[in-house]
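The following exercises introduce a structure through worked solutions. Please study the sequence and the model before attempting each task.

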Amino acid sequence: MRENRKIRVFLLDDHEVVRRGVHELLSVEGDIEVVGEAGTAADALVRIPATRPDVAVLDVRLPDGSGVEVCREIRARGDTVRCLMLTSFADDEALFDAIVAGASAYVLKAVRGGELLSAVRDVAAGRSLLDPVATARVLERLRDGGSGTEDDARLARLTGQERRILDLIGEGLTNRQIGAELHLAEKTIKNYVSGLLAKLGMRRRSQAAAYVARMQAGKHSQRFGSACERARE
């Protein structure tokens, strides 16, 4: 960042009250300017390139996806914007995904105002606020994943609940049907689906269903091959 220039910040959160609070906190600072806001991942992906922020403060869980997915997309485009993930959940899986996506910080919404301001300034200055122990754990997981198949590495990112939901998607169940099966609200299932699609690097439900079908076909082929080998023995 150049000297004497305000830090340009973009806010992404689906809760208007949260966005307003963070906006007001940042805007009273002489060295920070909020240049844009969005309540969905889709809007953010359109508005972030247009507003050219230095820092994007991204909510992890969104109605149409996740802030991690937004971070991954804008980093993949080669944008210079740095991402600060702001979330209500201390979730190792989300932290793992945030690090892999290229985020510079992972901060809980319970943070104090002064700490958030410091985090924004540190991220704008190019510093990482990711815990080194957590980062090392993620790198270890990546190394372990790289020793197996690509599918194993991708599936390793999913929680047990997400794996169950992925299997049910493969069976052709709707969100409502999956909710009934797992005794969860349809909206909760929708959030899970958005999260697992982001982790698998997919955009559409149909891709996940095809992915499950391909994995199952591979397992059937392996079992068939093993049976043939036993029959020849």
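How do the residues of the lining of the largest cavity divide into nonpolar, polar and charged? The model to be examined is a predicted one.

**Exercise 1. Describe the largest cavity and its lining.**

Solution.
Step 1. Establish what the search returns: over the whole structure, one cavity of 30 Å³ or more is found. The space in the largest cavity comes to about 60 Å³.
Step 2. List the lining. It is formed by Leu11, Leu12, Asp13, Val18, Arg19, Val22, Val57, Leu58, Asp59 and Leu86.
Step 3. Assign the lining to elements. Two or more residues each come from β1 (7-12), α1 (16-27) and β3.
Step 4. Sort by character, which settles the opening question: seven residues are nonpolar, none is polar and three are charged.

**Exercise 2. Determine how strand β6 is placed among its neighbours.**

Solution.
Step 1. Consider burial, for which the cut-off is under 20% relative accessible area. In strand β6 (residues 82-87), five of the six residues are buried, so the strand is largely enclosed by the rest of the structure.
Step 2. Identify one partner. Strand β3 (residues 55-59) pairs with β6 in the parallel sense, over five bridges. Within this pairing, Cys83 of β6 has Ala56 opposite.
Step 3. Identify another partner. Strand β7 (residues 105-108) also pairs with β6 in the parallel sense, here over four bridges. Leu86 has Val107 of β7 as its bridge partner.
Step 4. Connect the result with Exercise 1: Leu86 also appears among the residues that line the largest cavity.

**Exercise 3. Decide whether Tyr106 is buried or exposed, and state its distance from Leu95.**

Solution.
Step 1. Locate the residue: Tyr106 belongs to strand β7.
Step 2. Apply the cut-off of under 20%. The relative accessible area of Tyr106 is 16%, so the residue is buried.
Step 3. Turn to the distance. Tyr106 and Leu95 are eleven residues apart along the chain, and their C-alpha atoms are separated by 7.0 Å.

**Exercise 4. Which residues of helix α9 are buried, and which are exposed?**

Solution.
Step 1. Find the buried residues. In helix α9 (residues 175-182) these are Asn175, Ile178 and Gly179.
Step 2. View the helix down its axis. The buried residues of α9 fall within an arc of 105 degrees, so they line one face of the helix.
Step 3. Recall the underlying geometry: an α-helix has 3.6 residues a turn, so residues three or four places apart point the same way.
Step 4. Examine the other side of α9, where Arg176 and Ala180 are exposed.
Step 5. Look just beyond the helix. His183 follows α9 and has a positive phi, near 60 degrees.

**Exercise 5. Characterise the largest pocket and the helix that gives the most to its lining.**

Solution.
Step 1. State the volume, which is about 610 Å³ for the largest pocket.
Step 2. Consider the lining of 27 residues, of which Val60, Arg61, Leu62, Phe89 and Asn191 are the closest to the centre of the pocket.
Step 3. Name the contributing elements. At least two lining residues come from each of β4 (61-62), β5 (65-66), α4 (92-101) and α10 (186-200). The most are given by α10, with seven residues.
Step 4. Classify the lining: eight residues are nonpolar, nine polar and ten charged.
Step 5. Examine one residue of helix α10, Ser194. Its relative accessible area is 13%, so Ser194 is buried. Apart from neighbours within four places in sequence, Ser194 is in contact with Pro63, Asp64 and Gly65.

Key. Residues are numbered from 1 along each chain as its sequence is written. This is a predicted model: local features need pLDDT of at least 70, side-chain atom pairs count only at pLDDT 80 or more; totals for chains, interfaces and linings use all residues. Side-chain values use heavy atoms; hydrogens and water are left out. Buried means under 20% relative accessible area, exposed over 50%, partly exposed in between (1.4 Å probe, protein chains only). Two strands pair if DSSP finds at least two bridges between them. The arc is that of the directions from the helix axis to the C-beta atoms. On a 1 Å grid over the protein atoms alone, a cavity is a set of points where a 1.4 Å probe fits but cannot get out, and a pocket is an open set with protein on both sides within 12 Å along at least five of seven lines; lining residues have an atom within 4 Å of a point. Grid points are joined across faces, edges and corners, and a volume is the space filled by probe spheres set on the points. Ala, Val, Leu, Ile, Met, Phe, Trp, Tyr, Cys and Pro count as nonpolar, Asp, Glu, Lys and Arg as charged, and the others, Gly among them, as polar. Contact means heavy atoms within 4.5 Å.
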